[in-house]
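Grab a pencil and open the structure viewer. Below are some short exercises, each followed by a worked solution.

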Amino acid sequence: MSQSPASVAAPVSKSAAIKIVLTVVAIVGLVGGLLYSSTKEQTAYYKHVDEVMLAPAKWQGKKLQVHGNVVPGTIEKKPGTLDYRFTVESRAPRSPEKLVVFYRGIVPDTFKSDSEVVVTGMLDNQQQLKGEDIQAKCPSRYEGKEGSNLMKDSPTGRGTYPNGT
């Protein structure tokens, strides 16, 4: 069988092949660079207070999410501003360590002494966290009240709704 002239592919010249390869490399490089630069700003290390204070120089200038509890009596608010200063600590079973936080902005309603928080920010050269965002956790709001009989006498162990269903 003989091949028709239309079904035979013309060979690609060397210069055309180089142009195709360079175009593909450029596109892949641009897409990769865009992905890297867009995710770099949002990347933050999630650490507990004791992990940061173990080697603070290692974390200076890096974006962190620091988990701890607000030390009772340490919340200070500068009058007439949204500037806050407070201390967070790690608790047992973790090593007891403390970290001073400076934050400017509106704090969550659940932010108070002894609350569990995650503060996003950067550690400065004085081992103080310059906060950009605060998330306050409040597990007690979602736990059942002591003495609640919602689970009482339930054969399935799943409890019943207040209307009896």
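**Exercise 1.** Is Arg94 buried, partly exposed or exposed?

*Solution.* Keep in mind that you're looking at a predicted model.
- Step 1: get the number, which for Arg94 is a relative accessible area of 30%.
- Step 2: recall the cut-offs, with buried meaning under 20% and exposed meaning over 50%.
- Step 3: put the two together, and Arg94 comes out as partly exposed.

**Exercise 2.** Find the salt bridge partners of Arg94 and work out which parts of the chain they tie together.

*Solution.* Here's the basic idea: side chains of opposite charge can pair when their charged atoms come close.
- Step 1: start with Asp50, whose salt bridge with Arg94 has its closest N and O atoms 2.9 Å apart.
- Step 2: locate both ends. Asp50 sits in helix α2 (residues 49-54) while Arg94 is in the loop between β4 and β5, so this pair ties together parts that are 44 residues apart in sequence.
- Step 3: check how covered Asp50 is. Its relative accessibility is 12%, so Asp50 counts as buried.
- Step 4: go on to Glu51, which also forms a salt bridge with Arg94, with 3.5 Å between the closest N and O atoms.
- Step 5: locate these ends too. Glu51 belongs to helix α2 and Arg94 to the loop between β4 and β5, so parts 43 residues apart in sequence are tied together.
- Step 6: check Glu51, which is partly exposed at 30% relative accessibility.
- Step 7: join it all up, and Asp50, Glu51 and Arg94 make a network of salt bridges.

**Exercise 3.** Which side chain meets Glu132 in a salt bridge?

*Solution.*
- Step 1: look around Glu132 for a partner, and you'll land on Lys63, at 3.6 Å from N to O.
- Step 2: see where the two belong. Glu132 is in strand β7 and Lys63 in strand β2 (residues 63-70), so the pair links distant parts of the chain, 69 residues apart.- Step 3: compare the cover of each partner. Glu132 is partly exposed with a relative accessible area of 47%, and Lys63 is partly exposed at 23%.
- Step 4: place this pair in the wider tally, which comes to nine salt bridges.

**Exercise 4.** How many bridges join strand β4 to strand β5, and how many pair β5 with strand β7?

*Solution.*
- Step 1: take β4 (residues 83-89) and β5 (residues 98-104), which are joined by seven bridges and run antiparallel.
- Step 2: pick out one facing pair here, with Val88 opposite Leu99 in β5.
- Step 3: move to β5 and β7 (residues 128-137), where four bridges pair the strands in the parallel sense.
- Step 4: pick out a facing pair here too, as Val101 has Leu129 in β7 for its bridge partner.

**Exercise 5.** What surrounds Glu89?

*Solution.*
- Step 1: find Glu89 in strand β4.
- Step 2: use its relative accessible area of 15%, which makes Glu89 buried.
- Step 3: look for a polar partner, and you'll see the side chain of Glu89 in a polar contact with the side chain of Arg91 (3.0 Å).
- Step 4: leave out residues up to four places away in sequence, and Glu89 touches Val49, Gly68, Asn69, Val71, Glu97 and Lys98.

**Exercise 6.** Is Val52 buried or exposed?

*Solution.*
- Step 1: locate Val52 in helix α2.
- Step 2: read its relative accessible area, 0%, so Val52 is buried.
- Step 3: list what Val52 touches beyond four places away in sequence: Lys47, Trp59, Leu64, Val66 and Leu123.
- Step 4: try a distance as well. The C-alpha atoms of Val52 and Lys98 are 9.7 Å apart, with their positions 46 residues apart along the chain.

**Exercise 7.** Which residues form a nonpolar patch on the surface?

*Solution.*
- Step 1: look for the members, which are Val12, Ile20, Val24 and Val28.
- Step 2: take their accessible area together, about 390 Å².
- Step 3: place one of them, Val24, in helix α1 (residues 14-40).

**Exercise 8.** How many helices and strands does the protein chain have?

*Solution.*
- Step 1: count the elements to get three helices and seven strands.
- Step 2: write their order from the N terminus on, α-β-α-α-β-β-β-β-β-β.
- Step 3: add the cover of the chain, with 28% of its 165 residues buried.
- Step 4: finish with the accessible surface, about 12200 Å², of which carbon and sulfur atoms hold 57%.

Definitions and conventions:
Residues are numbered from 1 along each chain as its sequence is written. This is a predicted model: local features need pLDDT of at least 70, side-chain atom pairs count only at pLDDT 80 or more; totals for chains, interfaces and linings use all residues. Side-chain values use heavy atoms; hydrogens and water are left out. Patches are made of residues with over 30% relative accessible area and no salt bridge: like charges are joined within 9 Å, nonpolar side chains (Val, Leu, Ile, Met, Phe, Trp, Tyr) within 5 Å. Accessible areas come from the Shrake-Rupley method with a 1.4 Å probe; for residues, only the protein chains shown count as cover. A salt bridge is a side-chain nitrogen of Lys or Arg within 4 Å of a carboxyl oxygen of Asp or Glu. Helices (H or I, at least four residues) and strands (E, at least two) are DSSP runs, numbered from the N terminus. Two strands pair if DSSP finds at least two bridges between them. Buried means under 20% relative accessible area, exposed over 50%, partly exposed in between (1.4 Å probe, protein chains only). A polar contact is a pair of N or O atoms within 3.5 Å; within protein, one must be able to donate a hydrogen and the other to accept it, and residues adjacent in sequence count only if both atoms are side-chain atoms. Contact means heavy atoms within 4.5 Å.
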